[in-house]
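Student: I'd like to learn how to read a protein model. Could you walk me through it?

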Amino acid sequence: MDGSKAAVIEVLGRDGLVRAVYRVQAWPVSIGRSPACDLVLDDVHLAAEHARLELAQAACEPAEGDGSGRPRLSLLDSLNGGWLGRRRLAAGSSVELAPGAVFQLGATSLRLRRDQDTLPPERLLDRVVAPPAPGALLGLMGLWLALLGLDRWSGLNPGAPWVDYAAALLLPLALLLVWAALWALVTQLFQHRFPFALHLWRAVCVVTGLQLLGFVLPGLAYSFSARSLLALEALSLPVGLGLLLWWHAQLVWPRGRRALAWVGAGLLLGSMTLLAAKRAQQQYWFGPPYISALPPPVLRLTAPKPPQQLLESLRPLEAELAREAAKDDDADLAEGTSED
């Protein structure tokens with residue numbers, strides 16, 4: 001075919017991606033369900049011969065006799081007609097197609113692409129991340145479950161039944177599998193692949209790291225009397241969750257790393273602001289409000305402080321506690337007077 005008349009018709013999916021490409025062999029092109037059409041589409045909302053594409057010469061331009069011209073879509077006799085963008089095309093109407101215009105016939109979206117139309121620039125091929133080795137994935141999951149079991153063991157009384165351990169292990173495992181499956185479904189929707197193992201690997205990496213930090217940071221804070229490490233422990237959860245969401249979203253939208261980073265940073269800043277407000281309300285900044293289990297004394301590497309130093313540090317609270325006690329006494333006295 002002459003270069004001026006070379007063209008293809010692209011069939012688009014609901015996501016706007018090209019599902020099939022048909023080369024135009026000759027003009028005009030008939031479109032419909034009939035085998036006699038030049039482009040046969042399997043769409044029950046199309047007539048036997050639904051539309052015709054042709055190269056029409058503009059009235060103000062001289063005819064060149066080579067068949068070149070502007071593409072025009074003509075709707076033939078049908079029940080459903082068509083659409084050009086948001087413009088409704090009734091049966092019997094005719095419209096000129098701009099370069100790259102998407103038109104709909106029945107329930108099928110189409111696009112005409114000609115040789116003289118400007119092609120979009122070539123895109124860099126996204127690097128496909130290889131899934132982890134099964135042994136590495138199972139080993140990391142085993143380490144995470146062992147850390148969960150150790151954490152559960154430290155919070156239970158000796159001789160606790162195995163059911164208490166099973167619930168603490170199976171429920172987080174089930175939630176993690178569901179989490180990875182949901183992210184894999186989202187990736188299937190946008191990238192047309194189902195990387196369940198890759199999403200599971202990333203989730204296990206983050207939760208294992210958070211679990212390790214939950215053991216290491218309090219232990220170091222206890223060993224060296226470094227309370228600031230407990231503040232890092234409090235920040236590790238929002239930072240870890242933000243990192244996990246960003247890491248998952250990279251598989252769904254690989255070209256949007258910068259935009260995803262900005263969104264993740266905004267969410268992280270908001271969550272840390274809420275965390276700081278909660279800590280200010282509860283009047284503690286470092287670590288949990290209480291400790292249910294203490295590490296073994298042998299891990300203490302710094303010299304213990306004398307009891308007198310603790311009493312001196314609590315002395316500024318004496319006046320405040322006295323004021324609060326006086327308020328309670330006044331309230332009790334007023335309540336007793338009102339009852340009498």
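**Reading the sheets and their surroundings**

Tutor: Let's begin with a pair of strands: strand 10 and strand 11 are joined by four bridges and run antiparallel. Keep in mind as we go that this is a predicted model.

Student: What holds paired strands together?

Tutor: Generally, strands in a sheet pair through backbone hydrogen bonds, in a parallel or an antiparallel way. Here, Val102 has Arg111 of strand 11 as its bridge partner.

Student: How many residues lie between strand 10 and strand 11 in their hairpin?

Tutor: There are two residues between them, and Gly106 in that turn has a positive phi of about 65°.

Student: What does strand 11 pair with besides strand 10?

Tutor: Strand 1, residues 7–12, pairs with strand 11 in the antiparallel sense, over six bridges. If you'd like to find one of those spots, look for Leu12, whose bridge partner in strand 11 is Ser109.

Student: And strand 10, what is on its other side?

Tutor: Strand 7 (residues 82–84) is joined to strand 10 (residues 102–105) by three bridges, and the two run antiparallel. Look for Gly82 there, standing opposite Leu105 in strand 10.

Student: What is the order of the strands in the open sheet of six?

Tutor: Read across, the order is 2-1-11-10-7-8, and the pairing is antiparallel. At the edges sit strand 2 (18–23) and strand 8 (87–89), each of which pairs on one side only. From one strand to the next, the twist averages 25°.

Student: How do I read where the side chains on a strand point?

Tutor: The general idea is that side chains of a regular strand alternate between the two faces of the sheet. Strand 11 shows this: Thr108, Leu110, Leu112 and Arg114 point to one face and are buried. Ser109, Arg111 and Arg113 point to the other face and are not buried.

Student: Which strands make up the open sheet of five, and in what order?

Tutor: That sheet runs 4-3-5-6-9, and its pairing is mixed. Strand 4 and strand 9 are its edge strands, each pairing on one side only. Inside the sheet, strand 5 and strand 6 (residues 70–75) pair in the antiparallel sense over six bridges. One place to look is Glu54, which has Arg72 in strand 6 as its bridge partner.

Student: Now for loops. Is His50 buried or exposed?

Tutor: To read burial, check the relative accessible area: under 20% counts as buried. His50 has a value of 0%, so it is buried. You'll find His50 in the loop between strand 4 (39–40) and strand 5 (51–56). A polar atom of the His50 side chain lies 3.0 Å from the backbone nitrogen of Ala47.

Student: What about Gly100: where is that residue?

Tutor: Gly100 is in the loop between strand 9 (94–96) and strand 10. Gly100 counts as partly exposed because its relative accessibility is 41%, and that class lies between 20% and 50%. Gly100 and Leu119 are 19 residues apart in sequence, and their C-alpha atoms are 9.4 Å apart in space.

Student: Last one: which residues are closest to the centre of the second largest pocket?

Tutor: They are Gly16, Leu17, Val18, Arg123 and Arg255, out of 24 residues that line this pocket. The space in the pocket comes to about 810 Å³. Strand 11 (108–114) and helix 2 (162–191) each supply at least two lining residues. By class, the lining has eleven nonpolar, five polar and eight charged residues.

Key:
Residues numbered from 1 in each chain as written. Predicted model: local features only at pLDDT ≥ 70, side-chain atom pairs only at ≥ 80, totals over all residues. Heavy atoms only, no water. Pairing = 2+ DSSP bridges. Axes fitted to C-alpha atoms, helices over the stretch in contact; angles between N-to-C directions. 1 Å grid on protein atoms, 1.4 Å probe; cavity = no way out; pocket = protein on both sides within 12 Å on 5 of 7 lines; lining within 4 Å. Points joined across faces, edges and corners; volume = space filled by probe spheres on them. Nonpolar A, V, L, I, M, F, W, Y, C, P; charged D, E, K, R; others polar. Buried < 20%, exposed > 50% of the residue type's maximum accessible area, 1.4 Å probe, protein only. Polar contact = N/O pair within 3.5 Å; in protein donor to acceptor, adjacent residues only side chain to side chain.
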